[in-house]
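Trainee: Please pick a single part of this structure and take me through it closely, then show me how the rest is arranged around it. I would like each term explained when it comes up.

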Amino acid sequence: MDEFSVLLVDDEREFLETLMKRLKKRNLKVTGVGSGEDALKVLKETPPDVVVLDVRMDGMDGIQTLREIKKVRPLVEVIMLTGHANMEVAVEGMEVGAFDYLMKPMDIDELLYKLEDAYKRKTIQEQKIKHLEEEKKLEGV
């Protein structure tokens with residue numbers, strides 16, 4: 001598996017820091033922020049391959065953040081994190097374009113599996129776009 005970058009977005013500071021440490025130990029390039037607004041700033045400057053986004057946050061919530069992410073970086077895959085009571089919101093996230101969702105607290109191996117899957121899908125989409133662009137260039141010659 002290629003090395004890829006992950007942006008964690010969660011306003012629970014302790015949860016965020018613990019998850020960042022655990023993913024860094026598994027050699028992922030991890031950045032963490034505490035709000036949807038900060039996530040959008042990071043996305044514009046150094047877009048990650050995959051975003052792990054908490055549904056329930058103060059200020060801009062997960063669904064609003066997901067909508068903005070898809071406007072700015074449509075190929076970035078997003079995994080939503082939700083508590084049991086937020087299942088309907090997670091389903092809404094899938095409809096808006098999230099790759100998948102996980103229930104908190106989640107198993108780290110399950111998260112890693114979904115991160116790798118999301119990264120693969122992003123890579124495949126990028127390759128398809130590149131291939132189509134090359135075909136258009138050849139047709140133009």
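Mentor: What follows starts with one strand and then moves outwards to its neighbours.

The model is predicted, so local features need pLDDT of at least 70 and side-chain atom pairs count only at pLDDT 80 or more, while totals for chains, interfaces and linings use all residues. Residues are numbered from 1 along each chain as its sequence is written, and side-chain values use heavy atoms, with hydrogens and water left out.

The part to look at is strand β3, residues 50-54. Helices (H or I, at least four residues) and strands (E, at least two) are DSSP runs, numbered from the N terminus. In β3, 5 of the 5 residues are buried, so the strand is largely enclosed by the rest of the structure. Buried means under 20% relative accessible area, exposed means over 50%, and partly exposed is in between, with a 1.4 Å probe and protein chains only. In a regular strand, side chains alternate between the two faces of the sheet. Here Val-50, Val-52 and Asp-54 point one way, Val-51 and Leu-53 point the other way, and all are buried.

Next come the neighbours in the sheet. Two strands pair if DSSP finds at least two bridges between them. β3 pairs with strand β1 (residues 5-9) in the parallel sense over 4 bridges, and Val-50 is the bridge partner of Val-6. β3 also runs parallel to strand β4 (residues 77-82), with 5 bridges joining them. Asp-54 has Leu-81 as its bridge partner in β4, and Val-50 has Glu-77. To get from β3 to β4 the chain passes through helix α3 (residues 62-72), and this β-α-β crossover is right-handed. That word means that, with the strands pointing away from the viewer, the path from the first strand over the helix to the second runs clockwise.

These strands belong to an open sheet of 5 strands with parallel pairing, in the order β2-β1-β3-β4-β5. Its edge strands are β2 (29-33) and β5 (100-103), each of which pairs on one side only. From one strand to the next the twist averages 20°. For such angles, axes are lines fitted to C-alpha atoms, for helices over the stretch in contact, and angles run from 0 to 180 degrees between N-to-C directions.

The crossover helix has a partner of its own. Helix α2 (residues 36-45) and α3 pack at an angle of about 10°, with their axes 10 Å apart. That makes the two helices roughly parallel; angles under 35 degrees count as roughly parallel, over 145 as roughly antiparallel, 65 to 115 as roughly perpendicular and the rest as oblique. In the contact (heavy atoms within 4.5 Å), α2 supplies Gly-36, Ala-39, Leu-40, Leu-43 and Lys-44, and α3 supplies Thr-65, Glu-68, Ile-69 and Val-72.

Finally, Arg-73 sits in the loop between α3 and β4. Its relative accessible area is 27%, so Arg-73 is partly exposed. Not counting residues up to four places away in sequence, Arg-73 touches Leu-43, Lys-44 and Pro-47. Arg-73 and Leu-40 are 33 residues apart in sequence and 9.7 Å apart in space, C-alpha to C-alpha.
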